[in-house]
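Work through the exercises below with the structure open beside you. Try each task before you read its solution.

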Amino acid sequence: MNGVRIEGVKKAYGAVNVIHGVSIDIEDGEFVTLVGPSGCGKSTLLRMIAGLETISDGTINIAGRVVNDVPPKDRDIAMVFQNYALYPHMTVAENMGFSLKLQKTDKAKIKSAVDGAAEILDLTKLLDRYPKQLSGGQRQRVAMGRAIVRDPEVFLFDEPLSNLDAKLRVQMRSEIKGLHQRLKTTTVYVTHDQIEAMTMADKIVVMRDGKVEQVGKPLDLYDRPANLFVAGFIGSPSMNFIPAEWTNGKVVTQGGIELPSASSAGGAIGNRKIVYGIRPEHMTIAASGIPATVSIVEPTGAETVLLLKVGETSVTAVVKDRTTAKPGDRIFLQFQPGAEHMFDAAGGARLS
């Protein structure tokens, strides 16, 4: 198989296990993001693909070749780091072509490769500048250009946008996605930002504590999260969780409020303690329905974010229309029919 195949990969530092038997198939030309909170193991896994970390167990296969013992320079990968890692004494052109120079590539071929990458990344006018003369976004494009000129089998990105401001991150997201659509090179992208993962990836791998929680297309994870962790991690603002009980076909909160449900909660018989999930954008203000008390109102212009209390549980609602609601007001909520998610209270697994 082309692309990358990770099979049963483990990583231990002495007696401390940080990656626990991870298996992922990344198709040729696919853009895959590894996403999860800090310390989940995503960067460690990326560094093992790159050969910068040894593998304690399992195999990594790149383009049909097991690379466990292959040095990083021979793995046919190119990596873009968070901190750009540009040589300050070299021009943009020299930085981009340096890896080819080390390989003793012909100068004409180096220039051709650098010029081609510069055209793709809109760097042609900057080739004679030094890194200190560039903005953060321009430096990141140079780092990407350095990867492109190698024409690798796999691109690896290690949180490349973390050092940029919010506006520039949005711009660079589009540029990286556009770059992938043009080059169609297999890409593995690490981020803790689930918005980056949702907007850029063909497939998302959600990790926690060195294990894979769920793998799937962005909207599949959004619509059908496998457990409470994925449900809470994917989506911004995150999904609301309301402790409740499934009783004779009804969902009732601990405070006695009945919540709408079109689900059988996994076909449970009798009573079952559950966690009821509803996304903020699937809630609207109505004349009647579920009673709630307004805690905080956050108008953003295009929408209004309301922090509310439903019984003793804090929830967030995102409403498209502007509202006159004020802190302390008593309002009613309607939930979008069929938009609820049911999770087992004990283990957190999805029920519906």
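The exercises go from the whole chain to a sheet, then to charged pairs and nonpolar cores.

**Exercise 1. The whole chain**

Task: Describe the chain by its helices and strands, its box and its buried share.

Solution:
- Step 1. Note the kind of model. It is predicted.
- Step 2. Count the elements. The chain has 8 helices and 20 strands.
- Step 3. Take the box along the principal axes. The C-alpha atoms fill roughly 75 × 45 × 35 Å.
- Step 4. Look at burial. The chain has 352 residues, and 48% of them count as buried.
- Step 5. Turn to the surface. About 17,000 Å² is exposed, with 49% of it supplied by carbon and sulfur atoms.
- Step 6. Look at contacts with a separation of 6 or more. Residues 24 or more positions apart account for 66% of these.

**Exercise 2. An open sheet**

Task: Find which strands stand at the edges of the open sheet of 5 strands, and explain why one side of each is left without a neighbour.

Solution:
- Step 1. Write down the order. It runs β15-β19-β16-β17-β18, and the pairing is antiparallel.
- Step 2. Read off the ends. β15 (283-286) and β18 (313-319) are the edge strands.
- Step 3. Give the reason. Each has a single partner strand, so one of its sides has no neighbour in the sheet.
- Step 4. Add the angle. Ignoring direction, neighbouring strands here are turned by 50° against each other on average.
- Step 5. Pick one pair. β16 (residues 290-299) and β17 (residues 304-310) are joined by 6 bridges in the antiparallel sense.
- Step 6. Go down to residues. V294 has L308 in β17 as its bridge partner.

**Exercise 3. Charged pairs**

Task: Locate the salt bridge between D344 and R272, and decide whether D344 is buried or exposed.

Solution:
- Step 1. Recall the idea. Side chains of opposite charge can pair when their charged atoms come close.
- Step 2. Check the distance. For D344 and R272 it is 3.3 Å, N to O. The cut-off is 4 Å, so the pair qualifies.
- Step 3. Place both ends. D344 is in strand β20 (residues 341-344) and R272 is in strand β14 (residues 272-278). They are 72 residues apart, so the pair links distant parts of the chain.
- Step 4. Judge D344. Its relative accessibility is 17%, so D344 counts as buried. The limit for buried is under 20%.
- Step 5. Judge R272. At 28%, R272 is partly exposed.
- Step 6. Try another pair. R47 and E53 form a salt bridge with their closest N and O atoms 3.6 Å apart. R47 is partly exposed at 29%, while E53 is buried at 19%.
- Step 7. Compare with K326 and D329. Their salt bridge spans 3.7 Å, N to O. D329 is partly exposed at 24%.
- Step 8. Look for shared partners. K11, R47 and E53 are joined into one network.
- Step 9. Finish with the count. There are 11 salt bridges.

**Exercise 4. Nonpolar cores**

Task: Which residues have the most contacts inside the largest nonpolar core, and which helix gives the most to it?

Solution:
- Step 1. Start from a general tendency. In soluble globular proteins, nonpolar side chains tend to be buried together.
- Step 2. Name the residues. The core has 45 residues, and M96, M144, I176, I204 and V206 have the most contacts inside it.
- Step 3. Name the helix. Helix α4 (residues 136-148) gives the most, with 5 residues.
- Step 4. Follow V206. Leaving out residues up to four places away in sequence, V206 touches several residues, including V35, L221, F229 and I234.
- Step 5. Look elsewhere. Another core lies apart from this one. It has 28 residues, among them I6, L46, M48 and L156.

Methods:
Residues numbered from 1 in each chain as written. Predicted model: local features only at pLDDT ≥ 70, side-chain atom pairs only at ≥ 80, totals over all residues. Heavy atoms only, no water. Pairing = 2+ DSSP bridges. Helix = DSSP H or I, 4+ residues; strand = E, 2+ residues; numbered from the N terminus. Axes fitted to C-alpha atoms, helices over the stretch in contact; angles between N-to-C directions. Salt bridge = Lys/Arg side-chain N within 4 Å of Asp/Glu carboxyl O. Buried < 20%, exposed > 50% of the residue type's maximum accessible area, 1.4 Å probe, protein only. Core = buried A, V, L, I, M, F, W, Y, C linked by side-chain atoms within 4.5 Å. Contact = heavy atoms within 4.5 Å. Areas by Shrake-Rupley, 256 points an atom, 1.4 Å probe, with all protein chains shown as cover.
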